[in-house]
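Reader: I should be grateful for a close look at the interior of this protein. Please describe the empty space enclosed there first, and then the packing around it.

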Amino acid sequence: GTGAPTQGANGSTDVKIMVGGVEKVIYLPAKLADQLGYFKDQGLNVQILTEPAGATAENSLIAGDVHGVVGFYDHTIDLQTKGKCITSVVQMADVPGEVEVVATSKADAIKSPADFKGKKLGFTSPGSSTDFLTQYLATKNGVATSEYTGVKAGAGTTFISALDNNGIDAGMTTDPTVAQLLDTKKAKILLDMRTVQGTQAALGGLYPASSLYMDCAFVEQHKDVVQKLANAFVKTLGYVNTHSAQEIAAQMPKDFAGGNMDLYVKSINDSKGMFNTDGKMKADGAKNVLEVLSQFSPNVKGKKDNIDLSKTYTTEFVTKVQ
């Protein structure tokens, strides 16, 4: 696991956090907390690193390169099957915030996941949450995973290029990519999992996603640091829920808007409802994630009864936030 956090020159604690795509709106609280100075208020000097895919981010945690990851909760279940104890300490969202989009030219042929047969479907990378969810949507709608072609399409410009070049017919991505695709009329929304209603319609229940997860041993040994991180993140969730998309966008680095502030504001506005206010995991949501993974994830299949969900998340720190 990762070593102890080091002490900075000014008495602050240095912490490294990897984000599975720092510019994605689904992970907005990570950079926003930093921009608002909430980490510094807690005496933390947080270095935010970014990898375009959650699967890559989790590898950084396992390798001990970072102390925590802002990524999808489902990685904690998947990793438990490999003998790793990883736990979500702040659960920021009860829904994935993902959108299944279809190329406008293919919208007449793909009207639901039942039409995925023979199609090229994009996701960030193999083994990522978008890969898991794509498999689940297909199988739930009668299409075997062998009947479509999964394509590593990344996010942002690489995803848009894949759609432009007919590399994919449809795919799963998040804001601000969704807002860009709709604005340019390159794609249409097939399934919207940015809301509770849309997620329940697509997946049959909640699917807790964006979280701060860490190695269990680290959490046990450095409770003071984890508590400070929880304080900062929950305060940030409060900010997101009490401020407009415009106010939030104004706090973010200018380059996150990609030269189009109006579109960036729209992307935050369309996705910000996915965030909860308290950072607490809903037990039913965790069970639903396990249910989804146990049906198709090669790592979790057949091991559902061996998974100890109580080790995959904790509300110990968020309940103590003042």
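**Cavities and packing in the interior**

Author: In this predicted model, the largest cavity has a volume of about 130 Å³. Its lining is made up of 16 residues, and those closest to the centre of the cavity are Lys24, Tyr27, Glu98, Thr124 and Thr130. Two elements, α5 (129-140) and β9 (170-173), give two or more residues to this lining. Sorted by class, the residues that line the largest cavity are nine polar, five nonpolar and two charged.

The count of cavities of 30 Å³ or more comes to two. The second largest has a volume of about 30 Å³. Around the second largest cavity lie Ser88, Val89, Val90 and Gln91, then Gly279, Lys280 and Met281, and finally Tyr313, Thr314, Thr315 and Val318. By class, that lining has five nonpolar residues, five polar residues and one charged residue.

The packed parts of the interior may now be considered. In soluble globular proteins, nonpolar side chains tend to be buried together. Here the largest nonpolar core has 85 residues. Within this core, the residues with the most contacts are Ile17, Leu28, Val70, Ile77, Leu212, Leu229 and Phe233. Helix α10, which spans residues 223-242, gives the most to this core, with ten residues. Leu28 may serve as an example of the packing: leaving aside residues up to four places away in sequence, Leu28 touches Val240, Ile248, Met252, Tyr264, Ile268 and Phe275. Separate from this core is a second one of twelve residues, among them Ala153, Ile168, Leu181 and Ala187.

Helix α6 (residues 157-164) deserves a closer description. Its buried residues are Phe159, Ile160, Ala162 and Leu163. Because these four residues cover an arc of only 155° around the axis, they lie on the same side of α6. The elements against which the buried residues of α6 pack are three strands and a helix listed with their ranges, β6 (98-103), β7 (120-123), β10 (187-193) and α7 (177-183), together with β9. Strand β9 thus appears in two settings: β9 gives two or more residues to the lining of the largest cavity, and the buried residues of α6 pack against β9. Just after α6, Asn166 takes a positive phi of about 60°.

Conventions. Residues are numbered from 1 along each chain as its sequence is written. This is a predicted model: local features need pLDDT of at least 70, side-chain atom pairs count only at pLDDT 80 or more; totals for chains, interfaces and linings use all residues. Side-chain values use heavy atoms; hydrogens and water are left out. A nonpolar core is a set of buried Ala, Val, Leu, Ile, Met, Phe, Trp, Tyr and Cys residues joined through side-chain atoms within 4.5 Å. Buried means under 20% relative accessible area, exposed over 50%, partly exposed in between (1.4 Å probe, protein chains only). Contact means heavy atoms within 4.5 Å. On a 1 Å grid over the protein atoms alone, a cavity is a set of points where a 1.4 Å probe fits but cannot get out, and a pocket is an open set with protein on both sides within 12 Å along at least five of seven lines; lining residues have an atom within 4 Å of a point. Grid points are joined across faces, edges and corners, and a volume is the space filled by probe spheres set on the points. Ala, Val, Leu, Ile, Met, Phe, Trp, Tyr, Cys and Pro count as nonpolar, Asp, Glu, Lys and Arg as charged, and the others, Gly among them, as polar. The arc is that of the directions from the helix axis to the C-beta atoms.
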